[in-house]
Amino acid sequence: MPAIHKSIEELVGNTPLLELSNYEIKKKLYGRIAVKLELANPNQSVKDRIAFAMIRDAEKRGILHPGDTIVDTTSGNTGIGLAAAAAVLGYKFRVYIQDEVSVERYQVIHAFGGETVKLSEVPEVFQVLQETGGDFIAATNALEEILKKEGGPLVFVNQIVNPANPEIHRTTTGPEIWKDTDGNVDYFVAAVGTGGTVTGAGAYLKSRNPNIKIAAVQPGPNSLPSEENPTPEEIFGVHPFVGIPAEHLPRTFNPDIYDEYFSIETQEAYEAARAAARYDGILLGTSSGAILAAATKIAERPETEGKLIVAIAPDTGLRYLTTPLYDV
């Protein structure tokens, strides 16, 4: 039978696992690393999953109607996923986006007919960012209050609190990993942006085998804005969670899900992504590089000999060509 799909929604998920065989040899690793290539989603990132999930959930709950405008905040990939999904499903879309993200993100969202607003263009939100040292959660909360006052046919799907976010990873990402490894997965590694991936997929994998170890990744201190270094090269879409007050964590993140965490610096992420490109011919994004760097630290341990480490690769390196990632 012909396999002709009718919508990109049908193409979301079932992304492949790729073992980085040459990377393992070059790095002299004990453990095996398989990356789950979310770049195989129709708009090349893991956020395609939550984009359709949040919209369909809003429709099901009766809060999203024809003619409405979908709104969210993003460091890029969720905005792209939502813009594409909104285009397919017939909604308008507006996204409030971090200023420093790559130019490609703005271009793609505009290509889908979405409207972009830089967070710096919203004085109340920009003030919160300055006062909190770039706290994305606080900025999103401030934006929500502004949108309430604006009124109109706006539906703020809010990925950092929306339960449809971790749920889609519990029902798709986790089961896909379990199926494709035939249940022989020993470690699962993901970064914390909204925390939806590590929370949802991690919960599913733990439900199948409580002995699976979950590792969560955050930026290292030198990759975060500080008084001494106000504009570092950041790992966009990856946020700190250790030592952060609960009220400043995304509600989509369960901090009890992980067994260990890694703080990865931007340069470490760059080096891992560049090595994957050179050795295994796959172009990964910066957050993927950070996750791969953490997975590598696990695979360097002698006790991981022969064990399988599954690492999420959230998006494609093609979205970073105007950043320093592949400026080599």
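Here are some friendly notes on two backbone spots and on the salt bridges of this predicted model.

1. Let me begin with Lys 28, where phi is near 55°. That is a positive value in a residue other than glycine. Lys 28 sits in the loop that runs between helix H1 (21-27) and strand E2 (32-37). The residue is exposed, with a relative accessible area of 71%.

2. Asp 182 also deserves a look, since this residue is not a glycine and yet has a positive phi of about 55°. You will find Asp 182 in the loop between helix H7 (164-180) and strand E7 (187-191). Its relative accessibility is 64%, so Asp 182 counts as exposed, the cut-off being over 50%.

3. Now to the charged side chains: how many salt bridges are there? The count comes to 16, taking a side-chain nitrogen of Lys or Arg within 4 Å of a carboxyl oxygen of Asp or Glu. The next points go through some of them.

4. In one of these pairs, the side chains of Lys 36 and Glu 176 meet at 2.9 Å, N to O. Lys 36 belongs to strand E2 and Glu 176 to helix H7, so this salt bridge ties together parts that are 140 residues apart in sequence. Are the two partners buried or exposed? Both Lys 36 and Glu 176 are buried.

5. A second salt bridge stays within a helix: Glu 59 and Arg 56 both lie in helix H2 (residues 47-60). They are 3 residues apart, about one turn of the helix. Their closest N and O atoms are 2.9 Å apart. Glu 59 is partly exposed, with a relative accessible area of 25%, and Arg 56 is partly exposed too, at 35%.

6. Arg 94 and Glu 115 form another salt bridge, with an N to O distance of 3.5 Å. This pair links distant parts of the chain, with Arg 94 in strand E4 (residues 92-97) and Glu 115 in strand E5 (residues 115-118), 21 residues apart. Arg 94 has a relative accessible area of 12% and is therefore buried, as the limit is under 20%. Glu 115, at 41% relative accessibility, counts as partly exposed.

7. Finally, which residues do shared salt-bridge partners join into one network? They are Lys 36, Glu 38, Arg 49 and Glu 176. The buried pair from point 4, Lys 36 and Glu 176, is thus part of that network. If you have the model open, these four side chains can be viewed together.

Definitions and conventions
Residues numbered from 1 in each chain as written. Predicted model: local features only at pLDDT ≥ 70, side-chain atom pairs only at ≥ 80, totals over all residues. Heavy atoms only, no water. Helix = DSSP H or I, 4+ residues; strand = E, 2+ residues; numbered from the N terminus. Buried < 20%, exposed > 50% of the residue type's maximum accessible area, 1.4 Å probe, protein only.
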